[in-house]
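Trainee: I am new to this structure and would like to go through it with you step by step. Could we begin once it is in front of us?

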Amino acid sequence: MTSLIKKNASGNAENGDANLLINEVVGVPGGIGEAARVGRAAAYDEFLRGLLPARDGVALMAVGGLGRRQCAPYGDLDLVLLHAGVPGTDELAAKVWYPIWDAGLRLDHSVRTVSEALSVAQDDVKVALGLLDARLVAGDQALADALTRTAADHWRRTAVRQLPGLREITVARWQAHGELAFLLEGDLKEAAGGLRDVGLLRAISAAGITDALRPAVRAAHLRLLDTRDALHQQVGRRVDRLVAQERDGVAALLGLEDGDALLRRVAGDARTVSHALDDAFRAADRLRSGRSRGGNGSPVRRPVARDVVEHDGELVLARTAIGARPDPSLSLRVAAAAATTRLPIARATCEWLAAYCPPLPAPWPAEARAALTTLLGAGPGLVPAWETCDRYGLVDGWLPEWTRLRSLPQHNPVHRYTLDRHLVQAAHEASRHSREVDRPDLLLLGALLHDIGKGLPGDHSTVGVPLAETVATRVGLPAPEVALIGTLVRLHLLLPDVATRRDLADPVTIASVAEAVGDTGTLDLLHALVRADAAATGPAAWSDWKGRLVAELVARVRTALDTGVLPEPPAPDPALLAGPLPVVHLTGDRVAVAAADRRGLLATVAGCLALHRLEVLSADASVVDGRALVECRVQPRYGLPADPVPLRADLRRAVAGDVSVTQRLRGRALAARGSGAAPRVVWHREAATDAVLLELRAADAAGLLYRVAGALDEAGALVRAARISTLGADVVDAFYLVGGWPDDATRARLEAAVLAAV
């Protein structure tokens, strides 16, 4: 076989096209699907049999994907050379391994006796699981049978005891790789709900603990394998992470409409696997520890809510609920009980509810509405209870709109969850703020519905209003509360957008928000919803700085709503108004500078900050008592704070007129990090008291504020304030330009200067 391997000038196998080598040497077929995977395994088997001479006491065993005959197009080989202590084993192993490497195949290998393999399996549960897939490829059948039989028997006897340790390893893997069902770029193998978890289900089934590989799980497993096969074929190498640029190609290979359809299918399959594994681990827990037993040895039934009892660690229906015709709110009441007690709902109970619980009338009865509020406000128990009910179709009965929202991808790097999970997570986060508002029930429902318009054409905050109001009406809320739910959906982005993009010292900013909100009760609900939404989005959606700005905006608007008087703008730092010029103050995330000349000061300060790898979040420029002042809020661009000594020195030199400081910045390559879309300028004529607002939407880049502020200065514009809002790899920079700027030609010239600077 080795004579067929392509050689390069140095006599080594070429590595440029591993698939070509593999096909020439091994004859491995390509393709997607179960038949293709089995065909690849057969080709590998034939190739490997030619490498092992006939010899008693030696067996070549396949584990992993080859052992299961589930070989991916670019998968590796996991092999064990099993021997009975015969001499010359090392030389024999070399004759087997080297042709495999020469063929361009990735190989995970070991050489062991039966007792050695079993000893390693006792100490390493992952090895024990691997031996469950062991299959003879070539050699001594009796020796191979001794290993597989003993390994399977050992696993059956020790599985219940070993599963807690295995679960710890699994949870650590989940924490590292996330949940496949909710990720835009998940690892098909390692993430929760992926192929690795199917291996755990297979092991739990092999131990006889429970039937973990039900038909739905088997179907999900095959689809995940097909997806991985298509990913390998699309990329041309071994890769398990379904990255964004490959989704459409993988979807086409699988006959799906587009990448979103692929993500939704993967999400559904991953959820099926995750739910099955949760059930299997619970079954193992019950078998290991047992539950409280009554006098006859049967599990104790403990009432936890009306028509709901705890039985053997799970929630089941009371016998009276099963015997009578159930009321329509029963499924919601069971879900609420599960969320508040944090106990799982038994599978049989979910199946019964899905089959026999009648649909809810419109409007809902008060009992159903109360159960929904209890469910949404249950805190950490909400997500698992909701996921279980969604698994069995109960949620679709409560909210028919959920079918469209389920597993809907959110193509934004800030979001860590699919849309449906984000909404449920937002309700969970909102429960943390329920004591801060007058109507916690409306806060919870508003959090669940705030993004209901996503996935439809148009602004989701506007499109979602009638959808949310329809749900609120069906739930049974009176008309004023339905309208308030619509207001929460329409304005749920108002506070963060204004706080990060507008001058909070400008009376027009505060007046416009107060007019939109209307009253302090709605203001409190929006403030709580903003924080819940951000927490459910991901860590990049919130920061201490953003939280302070939103809180400052809320406080100013509250004053305006309570008193009818707009609050006075904050006074400048007194330290900037005393002492010889220039003045430079660095305190925490604040940089303040006072100089004699206002012209170009903002650009100069921004340039120095960019030179020291600091991002400007907000900037205010003013003239007080003849002094030009610039005050900035900053954050490190790469996580490391700037050295204050050279920063202070550069600021002093630059504002004193030393152009060599900012010239160092001009020499750098300042690459944009955004999407590649053309930058855009938007004008807002009525957004400020004494200025016109120029809003720049562009790709983020180091030194962007420096370049734009310089362009504005050279064009004769006076910047009173600037607000920098970063959205992933893009920014929305707002500049308050003093004056009316009524002339179209002048504005066009200024706009051109800004775009040229970008």
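Trainee: How much space lies in the largest pocket?

Mentor: This is a predicted model, in which local features need pLDDT of at least 70 and side-chain atom pairs count only at pLDDT 80 or more, while totals for chains, interfaces and linings use all residues. Residues are numbered from 1 along each chain as its sequence is written, and side-chain values use heavy atoms, with hydrogens and water left out. On a 1 Å grid over the protein atoms alone, a pocket is an open set of points with protein on both sides within 12 Å along at least five of seven lines, whereas a cavity is a set where a 1.4 Å probe fits but cannot get out, and lining residues have an atom within 4 Å of a point. With grid points joined across faces, edges and corners, and volume taken as the space filled by probe spheres set on the points, the space in the largest pocket is about 1,400 Å³.

Trainee: Which helix gives the most to the lining of the largest pocket?

Mentor: The lining has 50 residues, and Asp497, Arg501, Lys546, Thr726 and Leu727 lie nearest the centre of the pocket. Helices (H or I, at least four residues) and strands (E, at least two) are DSSP runs, numbered from the N terminus. With 6 residues, spanning part of 494–501, the top contributor is helix H23.Trainee: Which residues is Leu495 in contact with, leaving aside its neighbours within four places in sequence?

Mentor: Leu495 is among the residues with the most contacts inside the largest nonpolar core, which has 91 residues. Such a core is a set of buried Ala, Val, Leu, Ile, Met, Phe, Trp, Tyr and Cys residues joined through side-chain atoms within 4.5 Å, where buried means under 20% relative accessible area, exposed over 50%, and partly exposed in between (1.4 Å probe, protein chains only). Taking contact as heavy atoms within 4.5 Å, the partners of Leu495 are Val513, Leu523, Leu526, His527, Val530, Val550, Leu553 and Val554.

Trainee: How many residues apart in sequence are the parts that Asp226 and Arg37 tie together?

Mentor: The side chains of Asp226 and Arg37 meet in a salt bridge at 2.8 Å, N to O, a salt bridge being a side-chain nitrogen of Lys or Arg within 4 Å of a carboxyl oxygen of Asp or Glu. Asp226 counts as buried at 18% relative accessibility, and Arg37 is buried at 0%. Because Asp226 lies in helix H9 (residues 215–235) and Arg37 in helix H2 (residues 34–49), the separation in sequence of the parts they tie together is 189 residues.

Trainee: Is Asp620, which forms a salt bridge with Arg723, buried or partly exposed?

Mentor: The closest N and O atoms of Arg723 and Asp620 are 3.2 Å apart. Arg723 belongs to strand E14 (residues 719–727) and Asp620 to strand E10 (residues 614–624). Arg723 is buried at 5% relative accessibility, whereas Asp620, at 29%, counts as partly exposed.

Trainee: Which element supplies the largest share of the lining of the largest cavity?

Mentor: The whole structure holds 3 cavities of 30 Å³ or more, and the largest has a volume of about 220 Å³. Of the 19 residues lining the largest cavity, those closest to its centre are Glu615, Val616, Arg637, Ala701 and Leu705. The largest share, 4 residues, comes from E10.
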